[in-house]
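Please take a moment to look over the sequence and the model together before reading on, since the paragraphs below go through them step by step.

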Amino acid sequence: MTYLSRIRINPLRAGSRKLLSNPRAMHGAVMGGIPGAHDSERVLWRLDADDPHRPHLYVLTRSKPDWTHVIEQAGWPAAEGEHAAIRDYAPLLAQIAIGREFAFRLTASPVQNTQSPHTPTPAQAARIAANTDQKRVRGFRLGHRTATAQLDWFLSRTERWGFDIPASRTDPPAPGLEQPMPADPRSAPDRESGPGNPDPLREVRITARNRHSFEKNGKGPSVTFRSATFEGRLRVTDPALFTARLLGGIGPSKAYGCGLLTLAPLPGRKG
């Protein structure tokens, strides 16, 4: 069995502030909701804070969880309503088929591997200097910093994840009204392919970009990574690969709130 949970978070409570600001603390709270949780069980989670007054925590688990401790620490334990919705994931997985389209959301950590970072950290510089024999060493994993690079990272990998992003459904502009693609794709106008514009705008946008930095064990060096939240429309091309990414996550930093791909029916479509 697989379960998708959605937990309401009260950002004004003292207990919630640490969870909202520290991905490691949130990871600990998430793992605390799974009986007998251990490293062999892949747990994915994502914090959605579109409304900063009512953020929601989404968690995908193989075991049925209990979120009582999160509600008591960071929710509204005495308020009305559903504090933690826990749903069987099987009905959604049964809908996966070639050509099926969904609205989606994904927070991921777009990265690249390089042998020679432009501005190495002290630890990276020391590692480079220690390689006196000039042997090929394992590359450094660096987060993409710009929205353009993050979007390119996403679009260049969708095939291996079992889906593609359809071209934007817009009418071509009148002659002479074509607009160049701005550096930041979040502010890009809709466009279609054509002369001088061979690549159509895809139905995806970046809705949030963040840099995270926190101490891993309360002391010592900090963990730093960048995340981007992608939203849009996708089309399934390989059900097996796609299901594997739904259950296994996408990209690195999964323990810190990245990798969970969630789906929703497209507007105007049932199911």
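What follows is a walk through one strand, its partners and its charged contacts in this predicted model.

A good place to begin is strand 5, which covers residues 101–108 and is mostly covered, with eight of its eight residues buried. In a regular strand, side chains alternate between the two faces of the sheet. Here Glu101, Ala103, Arg105 and Thr107 point one way, while Phe102, Phe104, Leu106 and Ala108 point the other way, and all are buried.

Strand 5 has antiparallel partners: eight bridges join it to strand 10, residues 222–236, and four bridges join it to strand 11, residues 261–264. Within these pairings, Thr107 stands opposite Thr229 of strand 10, and Arg105 stands opposite Thr262 of strand 11.

Charged side chains add further links, and the structure holds 10 salt bridges. In one of them Glu101 meets Arg233, with the closest N and O atoms 2.6 Å apart. Because Glu101 lies in strand 5 and Arg233 in strand 10, this pair ties together parts that are 132 residues apart in sequence. Buried means under 20% relative accessible area, so Glu101, at 11%, counts as buried, and Arg233, at 5%, counts as buried too.

Arg233 also forms a salt bridge with Glu203, where the closest N and O atoms are 3.3 Å apart. Glu203 lies in the loop between strand 8 and strand 9, so this pair ties together parts that are 30 residues apart in sequence. Glu203 is partly exposed, at 23% relative accessibility. Elsewhere, salt bridges that share partners join Arg46, Asp48, Asp50, Arg105, Arg205 and Glu231 into one network.

Conventions:
Residues numbered from 1 in each chain as written. Predicted model: local features only at pLDDT ≥ 70, side-chain atom pairs only at ≥ 80, totals over all residues. Heavy atoms only, no water. Buried < 20%, exposed > 50% of the residue type's maximum accessible area, 1.4 Å probe, protein only. Helix = DSSP H or I, 4+ residues; strand = E, 2+ residues; numbered from the N terminus. Pairing = 2+ DSSP bridges. Salt bridge = Lys/Arg side-chain N within 4 Å of Asp/Glu carboxyl O.
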